[in-house]
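Here is a walk through a two-chain model, taken piece by piece. Have the structure open while you read.

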Amino acid sequence: MSKYIKFFLVGIFFGIVLVKSEAVSWYRIFEMFKFQSFHMYGIIGTAITTGILLLLISKKMSIKTTEGRLIRVPKKDRGFKRYIIGGSIFGLGWALSGACPGPMYILLGTGAFSIIIVIAAAIFGTYMYGVLKDKLPH
Amino acid sequence: MDYILEPWPWYVSGPLIAIVMFLLLYFGRTFGMSSNLRTLCSMGGAGKRVAFFDFDWKAHRWNLTVVLGAIVGGFIAHHLLSNPTDIALSQQSITALNELGFKNAGKSLLPDELFSWENIFSIKGMLILIIGGFLVGFGTRYAGGCTSGHAITGLSSLQLPSLVAVIGFFIGGLIMIHLIFPILF
């Protein structure tokens, strides 16, 4: 059980940050796609910049994981179609429901219980991808 | 204390999200929230019918634990660490939302017009949430990741597929907001 505590704590931290940044708000996603505020671009931009720096530093200093291996980011498979088509489908849903998979769970915690419909539909969407996977262009 | 209770500026929030990503990599895992949707399918027994879900979901319990934490974090942040809880939207967005029929834009995290029980039990309201969620779940697995896996982790590690996916996120989002919303609302 104790090995899960650190993940639970990271999750709590993640939930707090996303609520306090307002990134869980449907309105902020609308505003982002309308290009009417810098807020979301600032969040994503500084997250990526910090992420690049952290990964560069950990590479330079050969920082090891708690399990003793070098820090490694899983490589995405090569391809184009799945990323552009799948990404666009995701974008349509993201803008409509205002929630990507992280915020969905976090919103549940804020007491927005109707989000459970979005979560259930997202699980079903993932299931349907699994069913249709071999018939889709990748 | 006021700094904590007020909304956090983007230049604080962004780096903190990168720290979440880094901590998970440091623990020998990775930052990917949408993978949990696949794990939940597998937990529910989908692996018996569909090979894509036939894997040892127990190996992903750490990520479900992150989800549990995120739910608790959402509770703590919203109920204990937020005052006020309304969203400081730009005036332009408030005007645009009013024109679409969203009345109290920014007064809560989510618009009542979509998420109040009253609206959910209308056919249109229910369909919007179901279709929105379905597209997110289908698209994210098709693209192999969501905002955490592609936009944050993938771009931080300078991976081209993630850039393509994020461009896709924006193609879809812009089509929805600029072309479909004026028809829907």
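## A stretch to start with

How much helix and how much strand is there over residues 105–132 of chain A, and how far apart are the end C-alpha atoms? That stretch is 86% helix and 0% strand, with 26 Å between its end C-alpha atoms. Keep in mind that this is a predicted model.

The stretch comes from a record: an unreviewed UniProt entry puts the feature "transmembrane region" at residues 39–58, 79–99 and 105–132 of chain A. Have a look at residues 79–99 as well, where the chain is 81% helix and 0% strand and the end C-alpha atoms sit 26 Å apart.

## The two chains

Chain A has six helices and zero strands, so to speak a plain run of α-α-α-α-α-α when you read along the sequence. Its C-alpha atoms fill a box of roughly 40 × 40 × 40 Å along the principal axes. Chain A has 138 residues, and 56% of them count as buried. If you take the contacts in chain A with a separation of 6 or more, 42% of them join residues 24 or more positions apart.

Chain B brings 10 helices, again with zero strands, and its pattern reads α-α-α-α-α-α-α-α-α-α. The C-alpha trace of chain B spans about 50 × 45 × 35 Å along its principal axes. Of its 185 residues, 48% count as buried. For chain B, residues 24 or more positions apart make up 43% of the contacts with a separation of 6 or more.

## Where chain A meets chain B

How many residues does each chain put into the contact? Chain A gives 100 residues and chain B gives 108. On the chain A side, at least two residues come from each of helix 1, helix 2 (26–33), helix 3 (39–60), helix 4 (81–97), helix 5 (101–110) and helix 6 (115–132). Helix 4 of chain A supplies the largest share of that side, 16 residues. Sorted by type, the side of chain A that touches chain B holds 56 nonpolar, 30 polar and 14 charged residues.

## Tyr4(A), a residue at the contact

Tyr4(A) makes a handy place to zoom in. It lies in helix 1 (residues 2–20) of chain A. Which residues is Tyr4(A) in contact with, leaving aside its neighbours within four places in sequence? They are Trp62(B) and Thr65(B).

Is Tyr4(A) buried or exposed? Neither quite fits: Tyr4(A) is partly exposed, because 16 other C-beta atoms lie within 10 Å, and being buried takes 20 or more while being exposed takes 12 or fewer. For a sense of distance, try Ser37(A): Tyr4(A) and Ser37(A) are 33 residues apart in sequence and 38 Å apart in space, C-alpha to C-alpha.

## Two positive phi angles in chain A

Next, a couple of backbone oddities. Glu22(A) is not a glycine, yet it has a positive phi of about 70 degrees. You'll find Glu22(A) in the loop between helix 1 and helix 2 of chain A. Glu22(A) counts as buried because 25 other C-beta atoms lie within 10 Å.

Ser62(A) isn't a glycine either, and its phi is positive too, at about 50 degrees. This residue belongs to the loop between helix 3 and helix 4 of chain A. Why does Ser62(A) count as exposed? Because it has 8 C-beta neighbours inside 10 Å, and 12 or fewer makes a residue exposed.

## Inside chain B

Chain B is divided into domain 1 (1–82) and domain 2 (114–184). The centres of these domains of chain B, taken over C-alpha atoms, are 17 Å apart. Their contact takes 10 residues from domain 1 and 10 residues from domain 2 of chain B.

Which elements give two or more residues to the side of domain 1 that touches domain 2 of chain B? Those are helix 2 (10–26) and helix 3 (35–43) of chain B. Helix 2 of chain B gives the most, with three residues. By type, that side of domain 1 of chain B divides into six nonpolar, three polar and one charged.

Conventions
Residues are numbered from 1 along each chain as its sequence is written. Chains are lettered from A and ligands numbered from 1 in the order in which they are written. This is a predicted model: local features need pLDDT of at least 70, side-chain atom pairs count only at pLDDT 80 or more; totals for chains, interfaces and linings use all residues. Helices (H or I, at least four residues) and strands (E, at least two) are DSSP runs, numbered from the N terminus. Two residues are in contact if their C-beta atoms, placed from the backbone, lie within 7 Å. UniProt positions are given in the numbering used here, feature names are shortened, and annotations may be inferred rather than shown by experiment. Ala, Val, Leu, Ile, Met, Phe, Trp, Tyr, Cys and Pro count as nonpolar, Asp, Glu, Lys and Arg as charged, and the others, Gly among them, as polar. Domain bounds come from an automatic or database domain assignment.
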